[in-house]
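Please open the model in your viewer and keep the selection panel at hand. The tour goes from one bound molecule to the other and then to the enclosed spaces.

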Amino acid sequence: MTVQTEVKTYFNYINGEWVSSVTNEVEASINPANKNEVVGYIQRSSIEDLNEAVAAAKRAQKSWRKRSGVERGEYLYRAADILERRLEEIAETMTREMGKTFGEAKAETMRGVHILRYYAGEGVRKIGDVIPSSDNEALMFTTRVPLGVVGVISPWNFPVAIPIWKMAPALVYGNTVVLKPASEAAVTAAKVIECFHEAGFPKGVVNMICGPGSVIGQGIANHPDINGVTFTGSNTVGKLVGKAAFERGAKYQLEMGGKNPVIVAKDADLDLAVEGTINGGLRSTGQKCTATSRVFVESEVYETFKEKLLAKVKQLKIGNGMDSETWMGPCVSEAQLNTVLSYIEKGKAEGADLIYGGKRCIEGEFANGFYVEPTIFENVDINMTIAREEIFGPVLALIKVHSIEEALELANDTEYGLSASIYTKDIRNILSFINEIEAGLVKVNAETAGVEFQAPFGGMKQSSSHSREQGQAAIEFFTSIKTVLVKA
Ligand SMILES: NC(=O)C1=CN([C@@H]2O[C@H](COP(=O)(O)OP(=O)(O)OC[C@H]3O[C@@H](n4cnc5c(N)ncnc54)[C@H](O)[C@@H]3O)[C@@H](O)[C@H]2O)C=CC1
Ligand SMILES: CCCCCC(=O)O
């Protein structure tokens, strides 16, 4: 039994102050590698807390929007430096709170530093164009203005990168922010907000409220003083958020689930394809929206690919993410573990052949954690549940195909459209894939996961509300264009 030392309580951040919820209720955030370890206590807030935060953000926005983009960017540069200084501590908190390996957590935290610096620089870029008017005495141009108060609702799987890739552009373009992090990673989020606090943002510009998604998240979606809502999470919740925002005329952005395919052509570098399938499908315990889940392999190389894949998967070390030897950590929660296990049972019940893994790890060091084996099915029909629904766990479905045309047709046979990969050297395959795959992120000879902060990111079909995040695309969501005509 782990002897728990003093555990810290983390507070909401409203108007530049750390404050308890009016409910005086907290909930424990536990370590999925050892459920007896409490990482910290977080506020279980109510709508009253959210109203306080939104009122503070609304007050602050009046002056924040009047600052120059250069000045707003300086705050982001300072936050980046502080986050970089605290990188190891915040990465360790991430690993202890949601399970990803310490190496991945450090890389993600550094990605947060890069994103802050990228958007700090966006403060000096042009925000409009001069357009010739038909009236030669008039001056016509476009400019951009902030939305006002932006609500940020973020998931637990990238608890540093995702809140930052939403907050940084929101702030640099003149909005103020109310963040509601996922409860499973709220301690990590609180430490990120500590960096914003230390950077000296004016009171009310940045706010954070922790609490149940159905209360605080839905409250953000419904709040009349929140002008824009940016959400990343499941389709079920995303649709609730989008509907509520739409009904009150607020701008909304939804990035949701995926059921991402990889196509392995008969001319592929099979070792590269195996590496990409394992990394894309199983890193972070498969808990990425961009994770590989459907594996289409041309029949000529299917058996060789499968043998290579099994040989490599057998070598993966499962364990506590803080152990440097660990390749794959636990699921984020017991609920997520049970969801993954239920999909595995459904795969077997519907007739897919389980060829590797499929069980909970419960012996020895795993006893107090939420661990599952990497799992591989073959003889999967495209209409089976495990080929249609997002599992959000380390489960791969192998599907044999007899041509690239068949692979493309089956890969597109899904309601999702987030990310997709092909492994091939044939230029005709490459061009067909780029042109025909229905996905917002298209990779050739690279895994389905992995986005670069300077490039647009988002999905098609039911993976997204069809805006794009990151890079210079982010300005489209976090500002409104004004077309101006001036005559003397
Ligand atoms: N498309 C993308 O870029 C990404 C999508 N995801 C998706 O997110 C899911 C896993 O993350 P989770 O945090 O479990 O997703 P989730 O949808 O359960 O929760 C996401 C956020 O919404 C909040 N929330 C819960 N109920 C709510 C409600 N009724 N109204 C408003 N907010 C509510 C949660 O507290 C959390 O902050 C997966 O489906 C994954 O595919 C995760 C990361 C990136
Ligand atoms: C929101 C999900 C982001 C995926 C980031 C990645 O695949 O590295």
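Select ligand 2 and its surroundings: the residues around ligand 2 are Arg111, Phe158, Ile162, Trp165, Cys289, Thr290, Ala449, Gly450, Val451 and Phe457, where a residue is counted if one of its heavy atoms lies within 4 Å of the molecule. This is a predicted model, in which local features need pLDDT of at least 70 and side-chain atom pairs count only at pLDDT 80 or more, while totals for chains, interfaces and linings use all residues. Residues are numbered from 1 along each chain as its sequence is written, chains are lettered from A and ligands numbered from 1 in the order in which they are written, and side-chain values use heavy atoms, with hydrogens and water left out.

By class, this shell around ligand 2 divides into 7 nonpolar, 2 polar and 1 charged residues; here Ala, Val, Leu, Ile, Met, Phe, Trp, Tyr, Cys and Pro count as nonpolar, Asp, Glu, Lys and Arg as charged, and the others, Gly among them, as polar.

Now display the polar contacts of ligand 2 (pairs of N or O atoms within 3.5 Å). An oxygen atom of ligand 2 is 2.5 Å from a side-chain N or O atom of Thr290, a backbone N or O atom of Gly450 lies 2.7 Å from an oxygen atom of the ligand, and a polar side-chain atom of Arg111 lies 3.3 Å from an oxygen atom of ligand 2. Taken alone, ligand 2 exposes 280 Å², of which the protein buries 97%; accessible areas come from the Shrake-Rupley method with a 1.4 Å probe.

The space that ligand 2 takes is the second largest pocket. On a 1 Å grid over the protein atoms alone, a pocket is an open set of points with protein on both sides within 12 Å along at least five of seven lines, whereas a cavity is a set where a 1.4 Å probe fits but cannot get out, and lining residues have an atom within 4 Å of a point. A molecule sits in either if more than half of its atoms lie within 2 Å of its grid points.

Move next to ligand 1, which takes the space of the largest pocket. Which elements give two or more residues to the shell around ligand 1? They are helix 7 (213-222), strand 9 (228-232) and helix 8 (235-247), with helices (H or I, at least four residues) and strands (E, at least two) taken as DSSP runs numbered from the N terminus. Helix 7 gives the largest share, 4 residues.

In total 28 residues surround ligand 1, and the closest are Ser154, Trp156, Ser234, Met256 and Glu390. Among the contacts to display, a backbone N or O atom of Ser154 lies 2.7 Å from an oxygen atom of ligand 1, an N or O atom in the side chain of Lys180 is 2.8 Å from an oxygen atom of ligand 1, and an N or O atom in the side chain of Gln218 is 3.0 Å from a nitrogen atom of ligand 1. The protein covers 88% of the 840 Å² of accessible area that ligand 1 has on its own.

Finally, hide the ligands and turn to the cavities. The largest has a volume of about 90 Å³, a volume being the space filled by probe spheres set on grid points that are joined across faces, edges and corners. Of the 13 residues that line this largest cavity, the closest to its centre are Gly258, Ser293, Glu390, Ile391 and Phe392.

Note on methods. Polar contact = N/O pair within 3.5 Å; in protein donor to acceptor, adjacent residues only side chain to side chain.
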